[in-house]
Amino acid sequence: MNKKLTYTVASFAMAAAASSAQAEELTLCWAAWDPANALTELSKDFEQQSGHKMSFEFVPWPNFADRMLNELNSGGQLCDLMIGDSQWIGGGAESGHYVKLNEFFEKNGISMDDFIPATVTGYAEWPKGTPNYYALPAFGDVVGWTYRRDWFERPELRAEFREKYGRDLEAPATLEELKDIAQFFQGRTIDGNTVYGASIYTERGSEGITMGATNALYNYGFEYQNPDNPYELEGYVNSPGAVAGLEYYKELYKTGTPPGSSNWYMSENIDAYKSGQVAMQMNFAFIWPGVHADPNVGGERSGYFPNPAGPAGQYAQLGGQGISVVAYSEKQEAALEYIRWFAQPEVQARWWELGGYSALKAVVEDPDFASSQPYAQTFLDSMAIVKDFWAEPAYAELLLAMQARLHTYVVAGSGTAKEALDGVVRDWTETFEYEGKL
């Protein structure tokens, strides 16, 4: 990786020793998933260098938001460090849950210019577009796609696909091509097993169907608001393009996904793909190291591609998180030491090696990065096209409203796409009026 490092491990160790009056036991709170295991391993170096002990509170994704937002809203002291979801940054800042980090960053030579811009906007700053920082970008993530390269390369399937569609069976460049491929594999027999086109996000209870459908909505023209008039929703959320995008997502669900996939999110999609049920999988990029290492679908058997383009452009739903110091912690000094340590380029490079997705430019812009893993280039391409959901303090209300409207239309088959998005406009307008934004 890049040798022009801002910090060194040795200098951190000396700084930590000088600034720590006593060893502390810090608790870091995050979701329970593969990257958390990588962070546990990475943090052993921090323990050795700083003398602090790290404990971890990892909560499964379906319960993560309820558990941790309740902790923050109650002023709880369980967490000293929080890797909170990107949508939490507004509430974390305005409600005083997170420590503002500007002064700390300036004092320690940590510049947000050194991180991928989309991750700074998505994970660290509030209000958006202002240099006010409440987190350090910790885990870059984005929705992308995995596909069964070994199936795509079978001569008999390639010949049949070319005859039907007039093009080669390759990773799709457009959403229409993706739908064609999903329908081509739907119900097909491969190696004696019935397989299906794609596993996509349909989960209703937390955020799943919104994190999935937006990958079509964005690319057909959906906007959260008028770019020139904040919180003006009519004609943007429910534009003709947005309606077409939601109709596309419903058709993909109805014609290209496995039976019984009406409430699927990350883990269900992973299971369907690794068990050989589907030709393609929508999922956040965090799964790619696990796919590559899997004994059934790993290595050259799988390939990766960014979310394909639609009529209005090519975008992908941002995932990922920033790491914050919890304002209610009595160990803030030690928690800040952890962030200072974590920001080092050498640590960030190690983070990538262990399966974490660094957002530091020194790591991802290194000439060797794109070839460091078979999915590295797809990660770079995907992070260049991200959009994110609202990060307003009322994001949970906004999200649950969209979840209900989209699921009712896409999965339950009730009403029209226009009616669903009109309903989103009404729900969001009511929330913003209550919040005093309108």
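These legends accompany four close-up views of a predicted model.

**View 1. The largest nonpolar core and its best-connected members.** This core holds 151 residues, and Trp30, Met280, Phe342 and Trp428 are the ones that touch the most other members. Helix 18 (residues 395-410) supplies the largest share, eight residues. Domain 1 (2-141 + 319-387) and domain 2 (143-317) both contribute residues, so the core lies between them. As a reminder for this view, nonpolar side chains in soluble globular proteins tend to be buried together.

**View 2. The surroundings of tryptophan 30.** Leaving aside residues up to four places away in sequence, Trp30 touches Pro35, Ala36, Leu39, Glu57, Phe58, Val59, Phe64, Ile83, Phe139, Gln321 and Trp351.

**View 3. A cis peptide bond ahead of proline 127.** Take a look at the bond from tryptophan 126 to proline 127: it is cis, with omega near -5 degrees. Proline 127 sits in the loop that runs between helix 6 (117-124) and strand 4 (136-148). For context, most peptide bonds are trans, and most residues other than glycine have a negative phi, a point that also helps with the next view.

**View 4. Positive phi at aspartate 191 and at tyrosine 231.** Aspartate 191 has phi near 55 degrees and is found in the loop between strand 5 (188-190) and strand 6 (193-199). Tyrosine 231 has phi near 75 degrees, and its place is the loop between helix 10 (208-220) and helix 11 (240-256). Are these two residues buried or exposed? Aspartate 191 is exposed, at 58% relative accessible area, whereas tyrosine 231 is buried, at 16%.

How values were computed:
Residues are numbered from 1 along each chain as its sequence is written. This is a predicted model: local features need pLDDT of at least 70, side-chain atom pairs count only at pLDDT 80 or more; totals for chains, interfaces and linings use all residues. Side-chain values use heavy atoms; hydrogens and water are left out. A nonpolar core is a set of buried Ala, Val, Leu, Ile, Met, Phe, Trp, Tyr and Cys residues joined through side-chain atoms within 4.5 Å. Buried means under 20% relative accessible area, exposed over 50%, partly exposed in between (1.4 Å probe, protein chains only). Helices (H or I, at least four residues) and strands (E, at least two) are DSSP runs, numbered from the N terminus. Domain bounds come from an automatic or database domain assignment. Contact means heavy atoms within 4.5 Å.
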